[in-house]
Amino acid sequence: MAASSRRGFRAAALVGFFSLLSILVLAQARPSAWAGEIDEGEALFRARVAPPGTSGALLSGLGPTYNVEGCAGCHLNNGRGRPPLRLGEPLTQMVVRLSIDFAGEIVPHPAYGVQLNDQAVPGATPEGRAFVEYSVIKRRYGDGTGFELLKPHYGFLDMAFARLDERVLISVRMPPAVRGLGALEAVPEDAIQALADPTDENRDGISGRPNRVVDIVTGRETLGRFGWKAGQPTLRQQTAEAARIDMGVTSSLFPLEDCPPAQDQCARMSIDRSLELSDRALQAIESYLRHLPPPKRLGARNATSERGERLFTEFGCTLCHVPALPSPPAPTGAVAAYTDLLLHDMGEGLADHRPDHQASGREWRTAPLWGLGQEAAADEQVRYLHDGRARDLAEAILWHGGEASIARERFRVARAADRAALIAFLKSL
Ligand code: HEC
Ligand code: HEC
């Protein structure tokens, strides 16, 4: 008895020793800055960026013009943002991209650059303000029950440098949640490419294709993954671009402020060419984002959500919202993001008519659906789709057009109980 418990103790001690050893080995294998870097990235992500030259600030270099003083101001709790809920409120978290069609080439707006910045540091002029109004579209489900969709219309006030004429192309976008993006970044390019079917050879009505964009770090054209039109290839570039166009913060990837030709004040205030976001800080934010875990699935599955899951396949939703993408050899296994990361023609109703790299004005990246449950639970007034026009998940589906028309119609003509089961499934994600 005594001998066996001693052996047991020795075995336990041995196991303890080896697990301690493996922890030490693992800790050594990782660069020592690892955990500290993520914390630093989190602090930077949450920081309020101060105007240039502010002493003691974690991050400075805001403006001259900008939208919001920090990443977390738009990606609150790493979740999605939303459009104003009351008429006449400014679009604070939404971004308004602007360009013009210059003899067939899409270029930044000559007076405002790539994005409307409605804020400015002292001494600079805010570019102007956007507001949204909605018109109501009335339609019916197959069983005769009515529903209403809100179509957004954008207007502009106090435009400081030029009137927006009919040449302007506008894309208004809501901040998406930023959880699990490291997993999406790790999906091998071949796996995404394998899902593409640009000429619809398999005749299923779905013709996804990847966006192709230049990776500024390598100088090579590569697959776009992030943003509503997959316009950014990496978390690094996405972060550097956000710093520049949302906050007016320069970095080694984008060393120049977005000062359009019409704004000489902006140019005068940007003579100092020192980089505002250091490579170390950029790397830290990138690490923070890369290590944010995917959203947790909400609640246990039940008979209704399981039926909803079957309908999700039957309706053809999975043709774009692919339930799992392969991840490279990793303990986490497959990436259950419910996206193919490809662009699809979503029809006239959702079109913004503003091309973005190779995405046309009608194409959007399949939105990942993981986290829908968590986001609905966290915010009663959560909004959906790229511009936040959909007030609930049914509206988000009913806006689907183009390649997704068949799937939308299957949902629209389904029995009320089946529609409810499908929504229950989406809320379980
Ligand atoms: C003014 C609001 C705003 C601010 C500030 C902002 N973002 Fe965003 N963010 C957005 C919007 C809008 C998008 C979608 C952009 C698109 O479609 O191109 C986005 C997209 C992203 C994405 C891609 C998400 C995905 O699912 O593809 C990441 C990552 C991200 N932002 C990180 C950051 C970081 C890091 C910062 C700070 C350096 C930041 N953002 C600051 C509004 C903002
Ligand atoms: C042809 C590809 C395609 C099919 C089929 C499709 N979707 Fe989508 N889905 C998209 C794209 C692209 C978006 C983003 C559109 C936008 O924001 O304008 C999207 C957005 C969504 C959203 C909103 C997500 C968010 O974060 O706001 C939901 C919910 C959704 N789809 C559910 C479904 C369901 C349910 C079905 C089946 C009835 C379906 N989709 C079929 C491509 C597709």
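Which element supplies the largest share of the shell around ligand 2? Helix H11 does, with three residues. The model is predicted. This report takes the domains, then their contact, then each ligand in turn.

## Domain layout

The protein chain falls into two domains. Domain 1 is assigned to two segments, 38–184 and 225–290. Domain 2 covers 303–427. Taken over C-alpha atoms, the centres of domain 1 and domain 2 lie 24 Å apart. Domain 1 puts 41 residues into the contact, and domain 2 puts in 46 residues.

## The contact between the domains

The size of an interface is often given as the accessible area lost when the parts come together. Here domain 1 and domain 2 bury about 3600 Å² between them. Carbon and sulfur atoms account for 55% of that area.

Charged and polar pairs also link the two sides. Five salt bridges are counted between domain 1 and domain 2. As for single pairs, the side chains of Lys 229 and Asp 352 form a salt bridge, with 3.2 Å from N to O. Polar contact between domain 1 and domain 2 involves 16 residue pairs, both residues being at pLDDT 80 or more.

## The domain 1 face

Five elements give two or more residues to the side of domain 1 that touches domain 2. Four are strands: S2 (95–102), S5 (129–140), S6 (146–157) and S7 (168–173). The other is helix H4 (181–186). S6 gives the most to this side, with seven residues.

What is the class make-up of the side of domain 1 that touches domain 2? Its residues divide into 24 nonpolar, six polar and 11 charged.

## Around ligand 1

Ligand 1 is surrounded by 29 residues. The closest are Cys 71, Cys 74, His 75, Gly 227 and Trp 228. Two of these residues also make listed polar approaches to ligand 1. An N or O atom in the side chain of His 75 is 2.9 Å from a nitrogen atom of ligand 1. Gly 227 uses its backbone: an N or O atom there lies 2.7 Å from an oxygen atom of ligand 1. Arg 173 has a polar side-chain atom 3.0 Å from an oxygen atom of ligand 1.

Helix H3 (71–74), strand S2, helix H6 (235–247) and helix H8 (279–290) each give two or more residues to the shell around ligand 1. S2 also appears on the side of domain 1 that touches domain 2. H6 gives the most to the shell around ligand 1, with six residues. By class, the shell around ligand 1 holds 18 nonpolar, seven polar and four charged residues.

## Around ligand 2

Ligand 2 has 27 residues around it. Cys 317, Cys 320, His 321, His 386 and His 400 are the closest. Two histidines approach nitrogen atoms. A polar side-chain atom of His 321 lies 2.8 Å from a nitrogen atom of ligand 2. For His 400, an N or O atom in the side chain is 2.9 Å from a nitrogen atom of ligand 2. Leu 385 brings a polar backbone atom to 2.7 Å from an oxygen atom of ligand 2.

Which elements each supply at least two residues of the shell around ligand 2? They are strand S11 (363–365) and helix H11 (393–398). H11 provides the largest share, three residues. The shell around ligand 2 consists of 18 nonpolar, six polar and three charged residues.

Key
Residues are numbered from 1 along each chain as its sequence is written. Chains are lettered from A and ligands numbered from 1 in the order in which they are written. This is a predicted model: local features need pLDDT of at least 70, side-chain atom pairs count only at pLDDT 80 or more; totals for chains, interfaces and linings use all residues. Side-chain values use heavy atoms; hydrogens and water are left out. Domain bounds come from an automatic or database domain assignment. Contact means heavy atoms within 4.5 Å. Buried area is the accessible area (1.4 Å probe) that two parts lose on being put together, summed over both. A salt bridge is a side-chain nitrogen of Lys or Arg within 4 Å of a carboxyl oxygen of Asp or Glu. A polar contact is a pair of N or O atoms within 3.5 Å; within protein, one must be able to donate a hydrogen and the other to accept it, and residues adjacent in sequence count only if both atoms are side-chain atoms. Ala, Val, Leu, Ile, Met, Phe, Trp, Tyr, Cys and Pro count as nonpolar, Asp, Glu, Lys and Arg as charged, and the others, Gly among them, as polar. A residue is near a molecule or strand if one of its heavy atoms lies within 4 Å of it.
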